Amino acid sequence: MLKKSSVWLVVLISIMSIAFIATGCAKKQVVKEEAAAKPVVEAKKEEPKPTPAAPAPRVEAAPPAPTPRVEAAPPAPTPPAPAPRVEAAPPAPTPRVEAAPPAPTPEPIDLVSLRIQFAFDDYSLSTKSKENLEKLAAWMSKNSREKIQIEGHTCDIGTNEYNLALGERRANSAKKYLEALGVGSARVSTISYGEERPLVPNKEEAERSKNRRDEFVKTR
């Protein structure tokens with residue numbers, strides 16, 4: 001009985017082994033067939049699908065650049081209105097200046113002959129001296145443009161300082177007399193030379209008396 005069980009066990013194992021082997025072969029065949037078919041499928045799977053074109057990147061339109069603000073130029077200053085043209089007045093006619101009449105020629109006079117003499121250490125006027133001064137005043141009244149200078153002289157007696165003072169008094173005596181006759185003081189001037197300009201040498205009294213005098217000269 002035990003041997004039968006062993007036999008059946010061996011048979012059963014053998015059948016199972018055969019079945020397992022058969023199943024293994026069948027599986028291998030199926031696997032091979034699947035492997036043979038699989039490349040096609042895989043190839044189909046691996047065939048890259050056409051990549052859809054990437055949509056063009058949407059370019060955002062740049063915002064319009066702000067229009068630069070143009071400052072309005074200040075209005076050009078209005079040029080000042082041109083000054084009204086003033087017509088120059090025609091030059092005033094030059095007044096016709098009448099030529100001044102020529103100065104009258106003064107009448108000739110011999111002033112040397114009108115010289116007046118004085119006494120020693122005296123400055124008073126003698127009658128002859130006054131006559132000569134009156135002639136001189138008459139001539140000056142007719143010749144209003146003329147001026148004279150009276151020179152006072154002395155002899156050499158006395159100091160130089162004293163004689164200068166005496167000669168001045170003699171000249172002033174003649175001037176005052178002319179002014180009394182109507183001759184303007186501005187037309188008569190005086191000067192004293194004392195004993196410095198003798199008419200003749202002072203060697204004797206006759207000569208000295210000639211040096212005590214007033215002389216008249218024209219001035220301008």
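These legends describe close-up views of a predicted model.

**View 1. The largest pocket and its lining.** About 160 Å³ of space lies in this pocket. Its lining is made up of 10 residues. Closest to the centre are P104, T105, P106, N143 and R145. By type, the lining residues divide into three nonpolar, three polar and four charged.

**View 2. D121 in its loop.** D121 sits in the loop between β1 (116–117) and α2 (127–142). Its phi is positive, about 50°, although D121 is not a glycine. Most residues other than glycine have a negative phi. Is D121 buried, exposed or partly exposed? The relative accessible area of D121 is 39%. That value lies between the cut-offs of 20% for buried and 50% for exposed, so D121 counts as partly exposed.

**View 3. The length of helix α3.** Helix α3 covers residues 160–180, which is 21 residues. At 1.5 Å a residue, the helix should span 30 Å. Its end C-alpha atoms are 31 Å apart, which agrees with that expected span.

**View 4. The buried side of the story for α3.** Which residues of α3 are buried? They are N163, L166, G167, R170, A171, S173, A174, K175, Y177 and L178. These buried residues pack against several elements. Two of the partners, β1 and α2, also flank the loop that holds D121. The other partners are the strands β2 (147–153), β3 (188–194) and β4 (213–219).

**View 5. G182, after the helix.** G182 follows α3. The phi of G182 is positive, near 105°.

Technical notes: Residues numbered from 1 in each chain as written. Predicted model: local features only at pLDDT ≥ 70, side-chain atom pairs only at ≥ 80, totals over all residues. Heavy atoms only, no water. 1 Å grid on protein atoms, 1.4 Å probe; cavity = no way out; pocket = protein on both sides within 12 Å on 5 of 7 lines; lining within 4 Å. Points joined across faces, edges and corners; volume = space filled by probe spheres on them. Nonpolar A, V, L, I, M, F, W, Y, C, P; charged D, E, K, R; others polar. Helix = DSSP H or I, 4+ residues; strand = E, 2+ residues; numbered from the N terminus. Buried < 20%, exposed > 50% of the residue type's maximum accessible area, 1.4 Å probe, protein only. Expected span 1.5 Å × (residues − 1). Contact = heavy atoms within 4.5 Å.
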